[in-house]
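Work through the exercises below with the sequence and the coordinates side by side. Each task is followed by a solution that proceeds step by step.

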Amino acid sequence: MRTLLGRLDGWLFALALLAGAGAIGYLTTRHVFVADWTAGGRASLSPESRAVLGQLDGPVEIVSYANPQGDLRPTIAGFLERYRRAKPDLTLRFVDPQQDPAKMRELGITVDGAIIVHYRGREQRLDELSERSLTNALERLARGGERIVAFVTGDGERRADGQANADLGTFMAQLESRGMRAVPLNFAQVTAVPQHTDLVVLASPSLALEPGAVRALVDYLANGGNLLWLTEPANSDLNLAPLADTLGLRVLPGVLVDGGGAALGLKDPRLLALGAYPPHAITRGFMLTTLFPQVAALAQINSNDWAVQDFLQSGPQSWTEFQPIGNASNSTIRYDAAAGELKGPLAFGLALSRLSPSPDKSQQRVAVIGDGDFLSNTFLGNGGNRALGERVFDWLLGDDALVSLPPRGAPDRVLELSQTGLNILSLGFLVALPLLLLAIGGVVTWRRRRR
C-alpha cells in the first residue's frame with residue numbers, strides 16, 4: 001500500500017507539472033510580457049526614440065531590401081521589434097533585391113539590407129542599422145513640410161528634371177519623395193531669387209552668366225540664402241568671380257588626378273574614389289565609398305565671416321594636373337611643380353556657414369563642390385554617391401538637427417581580477433568544486449546503502 005501511494009504521488013506530481021507548463025505556454029500565446037534587465041536598459045528603446053515615435057500620428061511602413069539567405073532578415077526584424085512594441089502600426093516588409101535588379105538600380109539600392117522608411121507619402125533611406133540612424137530618419141519624417149529647391153537654368157546647367165547622362169533627374173526624383181520640390185530659376189525671367197526659396201542650386205554652368213544673374217546670386221547670399229554650387233574643372237571663368245569673392249574662395253586651375261585609384265581598378269587618374277572623409281556634420285558616420293569623375297580643387301583665399309570647413313578631400317598622392325588628358329588614349333602625366341601644379345591632399349568640397357543675416361534663420365549655409373558629375377544620372381548609382389548627395393542637401397536645408405542618443409554601453413563588460421584572485425578562482429573551479437561534488441555524491445551513495 002505504501003509503495004502504491006508513493007507511485008501515485010509521483011504520477012500526480014508529473015501531471016501537475018505538465019498542466020502547469022501547458023498553462024504557461026497557453027498564457028504566452030495570449031499575453032506578451034517583456035522585461036529588460038540589462039544595465040541602462042540597452043535592450044529597449046531610449047526615451048528619445050520613444051518621444052520621436054510619439055510625434056508620428058500615422059502608420060509607418062519600413063521596407064527592407066535584404067537578401068533572404070543568411071541572418072540579415074532576422075537581425076533586422078529583431079531590431080525593429082523594439083520600435084513595433086512602442087508603435088504597433090509600424091510595419092516591416094522585406095523585398096528580395098535579386099528579384100528585380102533594374103528596380104533596385106532605379107531606387108538607388110546599393111547595399112544588402114538597405115532600408116526605406118515611408119510615412120505620409122514621404123520617405124527616408126538608411127544604409128546602416130542603428131537606433132541613432134533610424135530614430136533620426138523618423139525625426140526628419142515627423143518634421144514634414146515641402147522644401148523649395150530652385151535650380152538656376154539658362155546657362156548650360158545640369159537640369160533637375162533631365163534624363164540625359166549629365167543631368168540630375170534621377171537624383172532629384174528621389175529627393176522629391178523626401179519632401180523637396182525642384183523648380184527652375186531663370187534670371188532672364190526674374191531679377192531676384194523668389195521669396196520662400198529654401199535652397200538655390202547652381203549646377204555646373206557651362207556658359208558665362210549674365211552680370212545681372214551673378215548680382216542676383218550675390219544679393220541672395222547677402223540676404224541669408226542657402227546655396228549649393230557645383231563647379232567643374234576649367235569652369236573658373238564664367239563671370240562668377242563676384243560670387244567666389246563673396247564666399248572668399250577660388251576654383252583652382254587644372255584637374256585633380258590621383259594614382260591611388262589604380263588600387264581599385266580605376267584606369268583614369270581623373271576618377272577620384274574616396275573612402276574616408278574629413279569630419280563634418282555632412283560626413284559624420286559616413287563610411288561608403290564615393291566616386292568623382294572629374295574634380296576641380298578649391299581653396300579659401302581670404303578669411304571673412306564665413307566659417308569654412310573641408311568635407312571632401314583628395315589623397316596625398318593627388319595633384320592638380322594642367323596638361324590635357326585624353327579620353328580615348330593613354331596619357332602620360334607627372335607632377336610638375338615648376339608649372340605651378342599643387343600637390344595633394346587638396347579640398348574639393350567646402351562647407352561654409354555663418355550667422356544668418358536674415359532674422360528668420362539662425363545659420364546660413366553654403367556648400368561648394370568641385371564636381372557635379374557624381375550626382376548625375378550616369379554616376380549616381382556608384383557606391384555612396386546618392387547617400388552623400390542626400391546628406392549635402394539635408395545639411396543645407398537644416399535637416400541635420402539630429403536626435404542625440406546617449407551611449408548605452410554595458411558597464412560590466414570588463415572583469416578586473418588580481419593575480420591572487422585569479423589563482424583562487426582557478427583552484428576553486430578546477431579543484432575545490434570537483435571535490436565538493438565528489439563528496440556530495442559519496443554522502444548520497446552512503447545514505448542510500450544504509451536504507
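**Exercise 1: a helix and its surroundings**

Task: In this predicted model, determine which elements the buried residues of α7 pack against.

Solution. Begin with the partners: the buried residues of α7 pack against the strands β5 (147–153), β7 (199–203), β8 (227–230), β16 (347–355) and β17 (363–369), and also against helix α8 (241–247). Next, identify the residues concerned, which are Ala213, Val214, Ala216, Leu217, Val218, Tyr220 and Leu221. An α-helix has 3.6 residues a turn, so residues three or four places apart point the same way. Then check the geometry of the helix: α7 covers residues 211–222, twelve residues in total, and its 16 Å from first to last C-alpha is close to the 16 Å expected at 1.5 Å a residue. Finally, look just beyond the helix, where Gly224 adopts a positive phi of about 100 degrees.

**Exercise 2: a four-stranded sheet**

Task: Establish the strand order of the open sheet of four strands, and then describe how β3 is joined to β4.

Solution. The order in this open sheet is β2-β1-β3-β4, and the pairing is mixed. The edges are formed by β2 (90–94) and β4 (122–126), each of which pairs on one side only. On average, neighbouring strands are turned by 20 degrees against each other when direction is ignored.

Turning to the β3–β4 connection, five bridges join β3 (residues 114–119) to β4, and the two strands run antiparallel. Within this pairing, Ile115 stands opposite Leu126 of β4. Helix α5 (residues 131–143) packs on the sheet, where it touches β1 (60–65), β3 and β4, and its direction makes about 160 degrees with that of β4. The strands β3 and β4 form a hairpin with two residues between them, and Arg120 in the turn has a positive phi of about 50 degrees.

As a last step, consider how far β4 is covered. In a regular strand the side chains alternate between the two faces of the sheet. For β4, Arg122, Gln124 and Leu126 lie on one side and Glu123 and Arg125 on the other, and all of them are buried.

**Exercise 3: aromatic pairs**

Task: The structure holds six aromatic pairs; characterise the pair of Phe292 and Phe374, and then that of Trp319 and Tyr335.

Solution. Phe292 and Phe374 form a tilted pair, with 4.9 Å centre to centre and 45 degrees between the planes. This pair links distant parts of the chain, since Phe292 belongs to strand β12 (residues 290–292) and Phe374 to the loop between β17 and α9 (385–396), 82 residues apart. Both Phe292 and Phe374 are buried.

Trp319 and Tyr335, by contrast, form an edge-to-face pair, at 6.3 Å centre to centre and with 65 degrees between the planes. Trp319 is in strand β15 (residues 319–321) and Tyr335 in the loop between β15 and β16, 16 residues apart. To assign their burial, note that Trp319 counts as buried because its relative accessibility is 12%, whereas Tyr335 is partly exposed because its relative accessible area is 31%.

Two further contacts complete the solution. Ring pairs link Phe292, Phe348 and Phe374 into a cluster, while the charged end of Lys343 sits over the ring of Tyr335, 5.1 Å from its centre.

Technical notes
Residues are numbered from 1 along each chain as its sequence is written. This is a predicted model: local features need pLDDT of at least 70, side-chain atom pairs count only at pLDDT 80 or more; totals for chains, interfaces and linings use all residues. Side-chain values use heavy atoms; hydrogens and water are left out. The expected span of a helix is 1.5 Å times one less than its number of residues. Buried means under 20% relative accessible area, exposed over 50%, partly exposed in between (1.4 Å probe, protein chains only). Contact means heavy atoms within 4.5 Å. Two strands pair if DSSP finds at least two bridges between them. Axes are lines fitted to C-alpha atoms, for helices over the stretch in contact, and angles run from 0 to 180 degrees between N-to-C directions. Rings of Phe, Tyr and Trp (its six-membered ring) pair if their centres lie within 6.5 Å; planes under 30 degrees apart count as stacked, over 60 as edge-to-face and the rest as tilted. A charge sits over a ring if NZ of Lys or CZ of Arg is within 6 Å of the ring centre and within 35 degrees of the ring normal.
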